[in-house]
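Reader: I am in my first year of study and should be grateful for a close look at a single part of this protein. Please begin with one residue and the element that holds it, and then follow the connections outward.

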Amino acid sequence: MSSPTGPASGLPVRMPRPRQPGRHRRPEPLVAPEGAPALVLAVPGTPSSATRGLTDEVVSIARSELPGLDARIGWLDGDDEEFPTLSTVLARAAEERTARYEQAVAAGLEVKEPEGPVAVVVPLLAGPDSALLRRIRQAVMDSKVAAELTDVLGPHPLLAEALHVRLSEAGLARADRARLFTVATAADGIILASVGGDEAVQAAGITGMLLAARLAVPVMAAALDEEGSIASVAEQLRSSGSQHLALAPYLIGPEIEASLLEEAAKEAGCSTADPLGPYPAIGKLTLAKYTTALGISPQQPQGAPVR
């Protein structure tokens, strides 16, 4: 038993630390506002156990960054059983919000009627893909739910960091230029592979410039979904002096078949890194799109400095 002056057993009491005064105090942790819209991750591609693991990890990262976040996953090509479609997830979120309000009213609580969007839909895409975005927008419309659709995740310095990490994991780039060691298989030219046509290539090129600054090697973007684009960029890099090329997928993973990456690497005659996958930056950027849409983001996530 404890008393107002402390525990009877003599054990120490863990007291909360007082807030540090002044302008150098730590900011209060951000939490999801009560009644905030759900974050719905719109996932393209064919659902599978692998993509399930990837998307679960992305959502887990977002939840860890914003306690109280209602995060859900909607599949563009779902089956409404194991993999619920985007329209179904949105409709379910709307039904649950209405049910919570009606239950509160029935319990005699003074609550405000829900208003504003039911959900903020974030496409799980590193770059723009007009065909996929059109389908996501149509799914939102089909749900007949008030939802806000954000932009794709890139371009962003954090994606350049993620690409660098994936290349270094494959032995195709130095992990840190500040440390003077060599990688025998390091590439001296990078093909940044995107999907979505010319618009996607241009957007990937912005992240490519950031990656080039990190690696100090030329980086050029090419389209996986345009015949001859990868081979053409590989030829340009080789004609400018690069001999050891690497393919860096500017993709998260679900939006393309793995076989297309293998074929592209063969076409370019080079090795390839893994897609971005559930790299922590993907979860942080997903959350940043959500919080920015709601106007509750203290700041955009920052990329690691170029070393």
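Author: The residue chosen is Glu-102, which lies in helix H2. The model is a predicted one, and every value below is computed from it. Glu-102 has a relative accessibility of 48%, and because buried means under 20% and exposed over 50%, Glu-102 counts as partly exposed. Farther along the chain by 11 residues comes Glu-113, and the C-alpha atoms of Glu-102 and Glu-113 are separated by 9.1 Å.

The helix that holds Glu-102 leads to the largest pocket. H2 covers residues 86-106, and with four residues H2 gives the most to the lining of this pocket. Empty space of this kind can be found by rolling a probe the size of a water molecule over the atoms. The space in the largest pocket comes to about 540 Å³. Its lining consists of 22 residues, and those nearest the centre are Glu-34, Gly-35, Ala-36, Arg-97 and Pro-114. Sorted by class, the lining holds 12 nonpolar, seven charged and three polar residues.

Two elements give two or more residues to this lining, namely H2 and helix H8, which covers residues 280-294. H8 therefore deserves attention as well, and its length can be checked: with 15 residues at 1.5 Å a residue, H8 should span 21 Å, and its end C-alpha atoms are 22 Å apart, which agrees. The expected figure is 21 Å because the span is 1.5 Å times one less than the number of residues.

Several residues of H8 are buried, among them Ala-281, Ile-282, Leu-285, Ala-288 and Tyr-290. In an α-helix there are 3.6 residues a turn, so residues three or four places apart point the same way. The list of buried residues in H8 also includes Gly-283, Thr-286, Leu-287 and Thr-291. The cover over the buried residues of H8 includes two strands, E3 (38-43) and E5 (119-123), and two helices, H1 (49-65) and H4 (157-169). Just after H8, Gly-295 takes a positive phi of about 75 degrees.

The whole protein provides the setting for these parts. Its secondary structure consists of eight helices and 10 strands, and 45% of its 307 residues are buried. Of the contacts between residues at least 6 apart in sequence, 75% join residues at least 24 apart. The protein exposes about 16,500 Å², of which carbon and sulfur atoms supply 52%.

Definitions and conventions
Residues are numbered from 1 along each chain as its sequence is written. This is a predicted model: local features need pLDDT of at least 70, side-chain atom pairs count only at pLDDT 80 or more; totals for chains, interfaces and linings use all residues. Side-chain values use heavy atoms; hydrogens and water are left out. Buried means under 20% relative accessible area, exposed over 50%, partly exposed in between (1.4 Å probe, protein chains only). Contact means heavy atoms within 4.5 Å. Accessible areas come from the Shrake-Rupley method with a 1.4 Å probe; for residues, only the protein chains shown count as cover. On a 1 Å grid over the protein atoms alone, a cavity is a set of points where a 1.4 Å probe fits but cannot get out, and a pocket is an open set with protein on both sides within 12 Å along at least five of seven lines; lining residues have an atom within 4 Å of a point. Grid points are joined across faces, edges and corners, and a volume is the space filled by probe spheres set on the points. Ala, Val, Leu, Ile, Met, Phe, Trp, Tyr, Cys and Pro count as nonpolar, Asp, Glu, Lys and Arg as charged, and the others, Gly among them, as polar.
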